[in-house]
Amino acid sequence: MNKSLDAFRTISEVADILNMPQYVLRSWEMRFSQIKPMKRAGGRRYYLSS
């Protein structure tokens with residue numbers, strides 16, 4: 001099942017799409033203010049597709 005283009009993606013989905021480890025995305029969040037995933041209860045990150 002494919003998600004719609006406006007759906008939120010988990011950090012694991014984004015890491016798979018970009019072909020990189022999740023820890024790189026987490027470190028980029030601290031380094032670049034433009035990367036701001038929505039965090040739900042429990043700290044789970046969701047990135048908006050664009």
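Here is a short chat about the fold of this predicted model.

Me: In what order do the elements of the protein chain run from the N terminus on?
Reply: Let's start with the parts list: the protein chain has two helices and three strands. Reading from the N terminus on, the order is β-α-α-β-β.

Me: How do α1 and α2 pack, roughly parallel or roughly perpendicular?
Reply: Helix α1 covers residues 11–18 and helix α2 covers residues 22–31, and their axes sit 9 Å apart at an angle of about 105 degrees. Angles from 65 to 115 degrees get one label. So α1 against α2 comes out as roughly perpendicular.

Me: Which kinds of residue make up the contact of α1 with α2, and how many of each?
Reply: From α1 we get Ile11, Ser12, Val14, Ala15 and Leu18, and they meet Gln22, Leu25 and Arg26 in α2. Sort these residues by type and the split is five nonpolar, two polar and one charged.

Me: How wide is the arc that holds the buried residues of α1?
Reply: The buried residues in α1 are Ile11, Val14 and Ala15. Look down the axis of α1 and they line one face of the helix, because their directions fall within a limited arc. A general point helps here: an α-helix has 3.6 residues a turn, so residues three or four places apart point the same way. For the buried residues of α1, the arc is 100 degrees.

Me: What covers those buried residues of α1, and which residues are exposed on the other side?
Reply: The cover includes strand β1 (8–10), along with α2 and β3. Flip to the other side of α1 and the exposed residues there are Asp16 and Ile17.

Me: Which residues of α2 are exposed on the face turned away from its buried side?
Reply: First find the buried ones, which in α2 are Val24, Leu25 and Glu29. Down the axis of α2 they fall within an arc of 145 degrees, so they line one face of the helix. Their cover includes α1, β2 (38–39) and β3. The face turned away carries the exposed residues Tyr23, Met30 and Arg31.

Me: What is the phi of Asn19, and why is Asn19 called exposed?
Reply: Asn19 sits in the loop between α1 and α2. With a relative accessible area of 71%, Asn19 is exposed, because the cut-off for that is over 50%. As a rule, most residues other than glycine have a negative phi. Asn19 isn't a glycine, yet its phi is positive, at about 55 degrees.

Me: Is Arg45 buried or exposed?
Reply: Arg45 belongs to strand β3, residues 45–48. Its relative accessibility is 19%, and the limit for this class is under 20%, so Arg45 counts as buried.

Me: Which side chain does Arg45 join through a polar contact of 2.9 Å?
Reply: Leaving aside neighbours within four places in sequence, Arg45 is in contact with Arg9, Thr10, Ile11, Arg26, Glu29, Pro37, Met38 and Lys39. One residue in that list is also among the buried residues of α2. The side chain joined to Arg45 by the 2.9 Å polar contact is that of Glu29.

Me: What share of the contacts with a separation of 6 or more comes from residues 24 or more positions apart?
Reply: For background, the protein chain has 50 residues, and buried ones make up 26% of them. Among the contacts with a separation of 6 or more, the share from residues 24 or more positions apart is 40%.

Definitions and conventions:
Residues numbered from 1 in each chain as written. Predicted model: local features only at pLDDT ≥ 70, side-chain atom pairs only at ≥ 80, totals over all residues. Heavy atoms only, no water. Axes fitted to C-alpha atoms, helices over the stretch in contact; angles between N-to-C directions. Helix = DSSP H or I, 4+ residues; strand = E, 2+ residues; numbered from the N terminus. Parallel < 35°, antiparallel > 145°, perpendicular 65-115°, else oblique. Contact = heavy atoms within 4.5 Å. Nonpolar A, V, L, I, M, F, W, Y, C, P; charged D, E, K, R; others polar. Buried < 20%, exposed > 50% of the residue type's maximum accessible area, 1.4 Å probe, protein only. Polar contact = N/O pair within 3.5 Å; in protein donor to acceptor, adjacent residues only side chain to side chain. Arc of directions from axis to C-beta.
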